[in-house]
Amino acid sequence: MELVIFLLLVSVAQVSSLTPCPKCGSMEVPYPLSTDDSCGDPRYKVYCKNGGLEFLSAGGTYYEVLSIDPSADKLIISPPMIQNNTCYSSDLSVGGLSLDENLPFNISTHNTVILLNCSSNILLSPLNCSSNSFCRTYEDNAVEARGCRNTLCCHYLKDSAMTSHRIRIRDGGCTAYTSVVNIEPSNPVGSWNYGIELQWVRPS
């Protein structure tokens, strides 16, 4: 009898651990994402704050979750703000976006990263810093980028050869950035899908 009760308790615990979390504001929180120890999988932690869902980086910065695609195991977070009348991203002090490599999230290969206010050292890299770089279109058209105009800028497509856990900025390098998901050269800047797409590894 005791064995039966034990197995029932284990079964209940397993079921409860697979429970999706309640909505955060208007946003669904699908399994395995977890806003609380009583739902989801705690390794897939996100935060519900003031009716909005946020993702916490390894550097301690919170980024707004813009959308979630549970069928593709992906979510999109908002790029950091570029501070008014400057060309400094709000996460410059922590070196940009960094993910904990021990957690099941990484930066997908669908992100085109635009780097702004860069030092000339960036020209030694294989990035596109030419006059037809996406960064020029961004600088010329985005209101928040007005403080970055006429600085050296570049863009690159995040690919599998790069670290999938970091977008780095720093003083003496590039001091601001944004990201666009699934950018198309023919798309006008007003239709760009600004965000940083993260993907997660499914629970085993």
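In this predicted model, the link of Cys 87 and Cys 148 is right-handed, with 105 degrees about the S-S bond. Its two ends come from distant parts of the chain, 61 residues apart. Cys 87 sits in the loop between strand S6 (74-77) and strand S7 (96-98), while Cys 148 belongs to the loop between H2 and S10. The sulfur atoms of Cys 87 and Cys 148 are 2.0 Å apart. As for accessibility, Cys 87 has a relative accessible area of 4% and so counts as buried, and Cys 148 comes out at 0%, which makes Cys 148 buried too.

That link is one of six disulfides that turn up in a search of the whole structure. With the bonded cysteines counted along the chain, the disulfides follow the pattern 1-3, 2-4, 5-9, 6-12, 7-11, 8-10. Two further members of the set tie in with the sheet and helix described next.

The sheet in question is open and has three strands, in the order S10-S9-S12 with antiparallel pairing. Strand S10 (154-157) and strand S12 (174-181) are the edge strands, and each of them pairs on one side only. Averaged over the sheet, and ignoring direction, neighbouring strands are turned by 20 degrees against each other.

Strand S9 covers residues 111-118 and pairs with S12 in the antiparallel sense over seven bridges. Within this pairing, Leu 115 stands opposite Tyr 177 in S12. S12 may be an edge strand, but S12 is mostly covered all the same: eight of its eight residues are buried.

The S9 and S12 strands are also joined covalently. A disulfide runs from Cys 118 to Cys 174, with an S to S distance of 2.1 Å. The torsion about this S-S bond is about 110 degrees, so the disulfide of Cys 118 and Cys 174 is right-handed. Cys 118 lies in strand S9 and Cys 174 in strand S12, which puts the partners 56 residues apart and again links distant parts of the chain. Cys 118 has a relative accessibility of 10%, under the 20% cut-off, and therefore counts as buried. Cys 174, at 5%, is buried as well.

Then there is helix H2 (residues 134-141), which lies across S9, S10 and S12. The helix runs at about 70 degrees to S9. H2 carries one end of another disulfide: Cys 135 is joined to Cys 153, with the S to S distance at 2.0 Å. About 65 degrees is the torsion around the S-S bond of Cys 135 and Cys 153, so this disulfide is right-handed. Cys 135 is in helix H2 and Cys 153 is in the loop between H2 and S10, so the pair, 18 residues apart, is another that links distant parts of the chain. Both ends are tucked away from solvent probe contact by the same yardstick: Cys 135 counts as buried at 0% relative accessibility, and Cys 153 is buried with a relative accessible area of 0%.

Methods: Residues numbered from 1 in each chain as written. Predicted model: local features only at pLDDT ≥ 70, side-chain atom pairs only at ≥ 80, totals over all residues. Heavy atoms only, no water. Pairing = 2+ DSSP bridges. Helix = DSSP H or I, 4+ residues; strand = E, 2+ residues; numbered from the N terminus. Axes fitted to C-alpha atoms, helices over the stretch in contact; angles between N-to-C directions. Contact = heavy atoms within 4.5 Å. Buried < 20%, exposed > 50% of the residue type's maximum accessible area, 1.4 Å probe, protein only. Disulfide = S-S within 2.5 Å.
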